[in-house]
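Here's a quick tour of the empty spaces in this structure, plus a look at a couple of helices. Have the model open as you read.

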Amino acid sequence: MSSAPTPTTPARRAGTLVHPGVLRTEIRLFRREPGALFWIVCFPALLLAILGSIPSFREHDEALGGLRLVDTYVPVTVLLGMILGGLQAMPQVLTGYRERGILRRMSTTPVRPAALLLAHMVVFAGAALVSALLALLLGRLAFGVRLPAQGFGYALALLLAVAAALALGSLVSALTPTSRIAGAVGSAVLFPMMFCAGLWVPVQSMPDLLARIVGWTPFGAAAQALNGAAAGHWPGWSHLGVLAAWTVLLTAGAARWFRWE
Amino acid sequence: MSPTSAGPIVEVSGLYKSYGGRTVVDGVSFTVEEGEIFGVLGPNGAGKTTTVECVEGLRTPDAGRVRVAGLDPVAEHDRVTRVLGVQLQQSELQAKLTVREALELYASFAPHPADWRPLAERLGLDSRLGTRFAKLSGGQKQRLFIALALIGDPRVVVLDELTTGLDPRARRDTWQLIEDVRASGVTVLLVTHFMEEAQRLCDRIAVIDKGRLAALDTPQGLIRRSAGATVLSFTPSAPLDEDALAALPGLASVTHKDGRLTLSGTDETVDAVLTLLARRRVTAHQLRVTDATLDDAFLDLTETSTP
């Protein structure tokens with residue numbers, strides 16, 4: 001919460017937190033954002049299609065334990081949509097809602113402004129999951145990438161990764177006063193996060209030390225958990241634990257510093 | 001089951017609010033009766049908006065008591081939002097939300113919403129239902145916010161700088177709408193720095209200056225209080241000497257301009273001027289006697305508290 005002017009914590013108030021009308025509105029508004037739709041939902045699959053069409057990406061590599069490069073890029077593109085959305089789209093929207101008085105306007109109605117933030121996060125999480133599903137399906141149908149052998153573990157890692165992306169985006173929004181700054185901070189965090197997820201070098205191809213360091217970051221851990229589950233292992237508890245710990249930390253930070261005005 | 005059908009619908013007593021050591025509202029008290037149009041008038045930065053934000057439950061008072069329909073706007077915020085409609089001075093909606101969607105959405109928040117169609121028609125928004133918020137003109141946005149304030153069928157509506165950004169015709173239409181709203185039994189709390197609006201609409205006006213209540217009266221009462229309540233102007237056929245003018249009873253001000261004399265004061269001043277003219281056999285050409293406006297009264301009231 002901010003310093004002096006906002007002692008009224010909307011979270012304290014009784015009222016509707018999940019409002020179907022607000023959720024429907026946010027889904028509608030999201031569908032009117034061609035930029036966000038493209039980058040979050042379509043771009044990751046498109047990138048996978050481009051990479052997969054390069055012949056060398058479809059050759060088995062002993063260094064990758066017999067996998068092809070295109071196999072290693074499926075988890076990367078699965079994570080890409082949520083990273084792009086969580087750092088580029090979501091913080092700007094949430095900060096903009098505060099900056100332009102939309103949250104304030106809503107706090108004078110029986111619906112809490114938190115319902116608007118929550119609805120937007122739900123929409124964003126849905127889009128990130130659709131994006132992940134598209135990448136998985138494209139990999140399977142176009143390039144014969146096997147679907148994750150450990151499905152339940154894969155789903156768990158995926159959900160945790162979405163939660164971490166939501167928390168990271170919320171923290172960026174909490175710490176930035178205007179949507180312009182939110183955009184700038186989001187971009188600055190975006191590139192290291194994409195690197196850790198393995199966009200430039202998949203984690204399997206990273207030197208051992210680097211892979212271990214990256215494993216301590218949210219999306220590095222997510223990538224390794226997804227890789228494990230794809231190969232049929234239960235994703236390591238250490239990776240899932242790192243992801244969960246980041247989610248808790250980032251959420252706590254966002255809740256601590258988010259200002260309603 | 002209204003908790004306070006007997007008492008005032010809005011009650012503010014000893015309200016005090018400061019930000020970082022700067023006192024913004026300093027002991028303001030007033031009550032608004034059900035069915036009234038009550039004005040909160042004051043210069044920019046006088047503490048008007050902070051006062052009504054405490055009524056809306058958007059801010060917590062440092063000291064004092066605020067009640068809306070007998071409810072505490074902070075502790076019972078949820079219940080207050082069901083009886084209070086609010087138009088904020090500065091707020092926006094999602095850029096790509098259409099007028100229809102905004103009306104439907106905000107109607108869905110209320111337990112017993114008003115029908116938004118006649119409301120939209122009344123506010124001239126019916127031809128703009130498919131338009132996105134970002135594409136609306138300033139006046140259309142303003143009218144949409146008035147509609148959203150009324151859509152929950154509130155008992156009290158707070159309108160903050162209602163007609164800012166409206167052209168004169170839209171402003172007059174809006175004033176008519178406010179009178180209709182009151183006629184339908186809704187109490188109106190109107191924040192403004194626009195005198196003509198306050199004089200035309202308000203039953204009573206609280207003048208706030210530097211965080212304090214400078215006066216609380218009907219518009220006519222406020223005008224009568226001002227030192228120069230009546231203004232008299234004419235072009236004398238022969239000059240009148242300064243001493244005779246200065247001796248006029250109740251005189252507040254004298255100005256000469258291009259041979260025209262303008263005096264302000266009380267009804268007594270007017271009588272004395274006419275007597276003086278008759279005695280000196282001076283003819284007053286183009287004589288005009290007008291009541292002072294709320295503008296004059298306001299300047300008077302807010303000037304006296306200037307050190």
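**Pockets, cavities and two helices**

With eight residues, α3(A) supplies the largest share of the lining of the second largest pocket. Keep in mind that this is a predicted model. The points below start with that pocket, then move on to the other spaces and the helices.

**Second largest pocket**
- Its volume comes to about 530 Å³.
- Lining it are 21 residues, and those nearest its centre are A:Glu33, A:Ala36, A:Ala89, A:Val93 and A:His120.
- Two or more lining residues come from each of α1, α2 (34–52) and α3 of chain A.
- Sorted by class, the lining has 10 nonpolar, seven polar and four charged residues.

**Largest pocket**
- The largest pocket holds about 610 Å³ of space.
- It has 33 lining residues, with A:Arg104, B:Thr49, B:Gln89, B:Gln90 and B:Ser91 closest to the centre.
- Chain A gives two or more residues through α3 (69–99), while chain B does so through β2 (22–32), α1 (48–56) and α5.
- The lining here splits into 13 charged, 12 polar and eight nonpolar residues.

**Cavities**
- There are four cavities of 30 Å³ or more in the structure, and the largest takes up about 180 Å³.
- A:Pro110, B:Thr81, B:Leu84, B:Leu148 and B:Gly152 sit closest to the centre of the largest cavity, out of 18 lining residues.
- In chain B, β5 (84–87), α3 (99–109) and α5 (138–150) each give two or more residues to that lining, and β5(B) has the largest share with three.
- The lining of the largest cavity counts 11 nonpolar, five polar and two charged residues.

**Helix α3(B)**
- This helix, which also helps line the largest cavity, is mostly covered, with eight of its 11 residues buried.
- Among the buried ones are B:Leu103, B:Tyr106 and B:Phe109.
- Its cover includes α1 (20–31) and α4 (102–106) of chain A, along with α4 (116–122) and α5 of chain B.

**Helix α10(B)**
- At 1.5 Å a residue, the 14 residues of α10(B) (267–280) should span 20 Å, and the end C-alpha atoms are indeed 20 Å apart.
- Buried here are B:Thr269, B:Val270, B:Ala272, B:Val273, B:Leu276 and B:Leu277.
- Viewed down the axis of α10(B), these buried residues stay within an arc of 165°, so they line one face of the helix.
- B:Asp267, B:Glu268, B:Ala278 and B:Arg279 are exposed on the other side.
- The buried residues of α10(B) are covered by elements including β10 (230–236), α9 (242–246), β12 (260–265) and β13 (284–291) of chain B.
- Right after α10(B) comes B:Arg281, with a positive phi near 55°.

Conventions:
Residues numbered from 1 in each chain as written. Chains lettered and ligands numbered in written order. Predicted model: local features only at pLDDT ≥ 70, side-chain atom pairs only at ≥ 80, totals over all residues. Heavy atoms only, no water. 1 Å grid on protein atoms, 1.4 Å probe; cavity = no way out; pocket = protein on both sides within 12 Å on 5 of 7 lines; lining within 4 Å. Points joined across faces, edges and corners; volume = space filled by probe spheres on them. Helix = DSSP H or I, 4+ residues; strand = E, 2+ residues; numbered from the N terminus. Nonpolar A, V, L, I, M, F, W, Y, C, P; charged D, E, K, R; others polar. Expected span 1.5 Å × (residues − 1). Buried < 20%, exposed > 50% of the residue type's maximum accessible area, 1.4 Å probe, protein only. Arc of directions from axis to C-beta. Contact = heavy atoms within 4.5 Å.
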